[in-house]
Amino acid sequence: MLFILLAGGLIAFLYTQQGFTYFPWEIKNYLIGQKLNQGFRLYKDIRDNTGPFATGFYQLLDLLAVPLSYNPYIAFGLISFQAYLFHQTITSFDLMPKLGGLAFFTYLLLFHLCIEFKVPDPALIGLSFLLLAWKEIIQQQKTLLVNDRVFLVGIYLATATLFFPAYFWLLPWAIISLLFFSGISIRQIILIMIGYLIVMTITSIVFSFRGNLSDLIQVFQNSAFEFQLISAEEAQKVLLFYAPALVFGLFGLYKVVGNPKIRAHAQKAQQTTLIWLFFSLIAVTNFPSYHRINFVFLLPPFAYLGLNLFYVIKKNWQRELILWTLVGSVVLTYQLDQPNIAKPRRLSINQEKLLILGPEMEEYLYNQMAGPFVNWELAKPLLSQLNTYKNVIIVQEYFNKDQPTYIYDSEGYFSKIEQHLPSLTQQYELVSPKLYKKK
């Protein structure tokens, strides 16, 4: 396991030395931390749908002055911690015969399917708490004498939800798994709900004091309870990069179904994992965006089901073939991932206070961001509806609080602002196409 960690750390180091650019949503997360430390309120001033605990994580990184280039190291640290949890759950509760460090290695391997896994995304961070909840559930199922530690299951799941709101749909997974495969009582189910509600209530109180509780509720409605179908193009892209894990997990499930060698408590764990996958499909329909990294919570079930192959199949050469086929397929999908090619810079300014009225985020890496528009898709409706007095006041307050030196208007919204706030826009002059400078 130590050797695997060193090898993974070396890969992360080599990746950072190649020279790479950042995903737009990766830059957005970085900017959220900056704006929070500048005093802007989450959801009220900063229009975004990232989970509140995730924004707190990015705020901490900015407070500690951790550069964006350290993201691969942070992500690898998170994945290594999760791999250790995954490995310890399997070995501690004797879910499989001893496989050495194979569980740890398989988990780390599957988290190298694409480049997006090099980013500490909210879905990736929240997955750590899902694995902690899974470990507690397996412990309760093995003893059958469910104790009051189920309270922790509610706390872990609430924490995961506050990192990535779509994880709300894993709460029924936990309750159903304990109802079906343990001796849980009504009192202990209530304990799970109390643990869940305590975390949610404390968070709600904090947001209520800051005057943005209604905005938090709206974010959860849009990110956990707004069902939508993934497009065919996005589904194809996700399936392409998750294919090795999907085939590995389904093949393991096929080989293990009805196998008499599987112990009773291991069967419960496998059925619990299948229930996880079922509720994951519901969670997928509530994603705010379909980045491939948002699907990471499918990987632990696939990894666990696939590991059965190394137990059920007895012939060494077949197990070796499966392992090296998995390694080769992961390397292939990683190589197929299009490199994040740097786009040519649109602006020649550097280290200036800049506001971009458009989706271009890369320029903020070279300049100081002004204003709270970190998520253009959510900020655009505000600027499109300036015919209401409330929206005009909000935009004016944004400019008064953090007025930019330059405004880059890539989508033509400066003229719309000019119609309603001429005293503000008259302070700027056009110095190059779509670029305005304060006089």
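Lys-35, Lys-353 and Asp-402 are linked in a network of salt bridges. The model that shows this network is a predicted one. Within the network, Lys-353 and Asp-402 form a salt bridge whose closest N and O atoms are 2.6 Å apart. This pair links distant parts of the chain: Lys-353 is in strand S1 (residues 353-356), while Asp-402 is in the loop between H17 and strand S3 (406-408), 49 residues apart. The two partners can also be described by their accessibility. Lys-353 has a relative accessibility of 25%, so it counts as partly exposed. Asp-402 has a relative accessible area of 8% and is therefore buried, since buried means under 20%.

The structure holds 10 salt bridges. Another one of them joins Glu-116 to Arg-292, with the closest N and O atoms 3.1 Å apart. Glu-116 lies in the loop between helix H5 (102-110) and helix H6 (122-143), and Arg-292 in the loop between helix H12 (264-284) and helix H13 (299-307), so this salt bridge ties together parts that are 176 residues apart in sequence. Glu-116 counts as buried because its relative accessibility is 6%. Arg-292 counts as buried because its relative accessibility is 8%.

Asp-215 forms a salt bridge with Lys-44, and here the closest N and O atoms are 4.0 Å apart. Asp-215 is in helix H10 and Lys-44 in the loop between H2 and helix H3 (52-63); the pair links distant parts of the chain, 171 residues apart. Lys-44 counts as partly exposed, because its relative accessibility is 33%.

We turn now to the pockets. The largest pocket has a volume of about 1,400 Å³. Its lining consists of 49 residues, and Arg-47, Asp-48, Asn-49, Asn-375 and Leu-378 lie nearest the centre. Helix H2 (24-37), helix H10 (213-224), helix H16 (376-384) and helix H17 (389-401) are the elements that give two or more residues to this lining. H17 gives the most, with 6 residues. Sorted by class, the lining has 18 nonpolar, 17 charged and 14 polar residues.

The last feature is on the surface. Ile-186, Ile-190, Ile-194, Ile-198, Ile-202 and Val-206 make a nonpolar surface patch of about 540 Å². One of these residues, Ile-202, is found in helix H9 (residues 186-209). Ile-202 has a relative accessibility of 53% and therefore counts as exposed, since exposed means over 50%.

Technical notes: Residues are numbered from 1 along each chain as its sequence is written. This is a predicted model: local features need pLDDT of at least 70, side-chain atom pairs count only at pLDDT 80 or more; totals for chains, interfaces and linings use all residues. Side-chain values use heavy atoms; hydrogens and water are left out. On a 1 Å grid over the protein atoms alone, a cavity is a set of points where a 1.4 Å probe fits but cannot get out, and a pocket is an open set with protein on both sides within 12 Å along at least five of seven lines; lining residues have an atom within 4 Å of a point. Grid points are joined across faces, edges and corners, and a volume is the space filled by probe spheres set on the points. Helices (H or I, at least four residues) and strands (E, at least two) are DSSP runs, numbered from the N terminus. Ala, Val, Leu, Ile, Met, Phe, Trp, Tyr, Cys and Pro count as nonpolar, Asp, Glu, Lys and Arg as charged, and the others, Gly among them, as polar. Patches are made of residues with over 30% relative accessible area and no salt bridge: like charges are joined within 9 Å, nonpolar side chains (Val, Leu, Ile, Met, Phe, Trp, Tyr) within 5 Å. Accessible areas come from the Shrake-Rupley method with a 1.4 Å probe; for residues, only the protein chains shown count as cover. A salt bridge is a side-chain nitrogen of Lys or Arg within 4 Å of a carboxyl oxygen of Asp or Glu. Buried means under 20% relative accessible area, exposed over 50%, partly exposed in between (1.4 Å probe, protein chains only).
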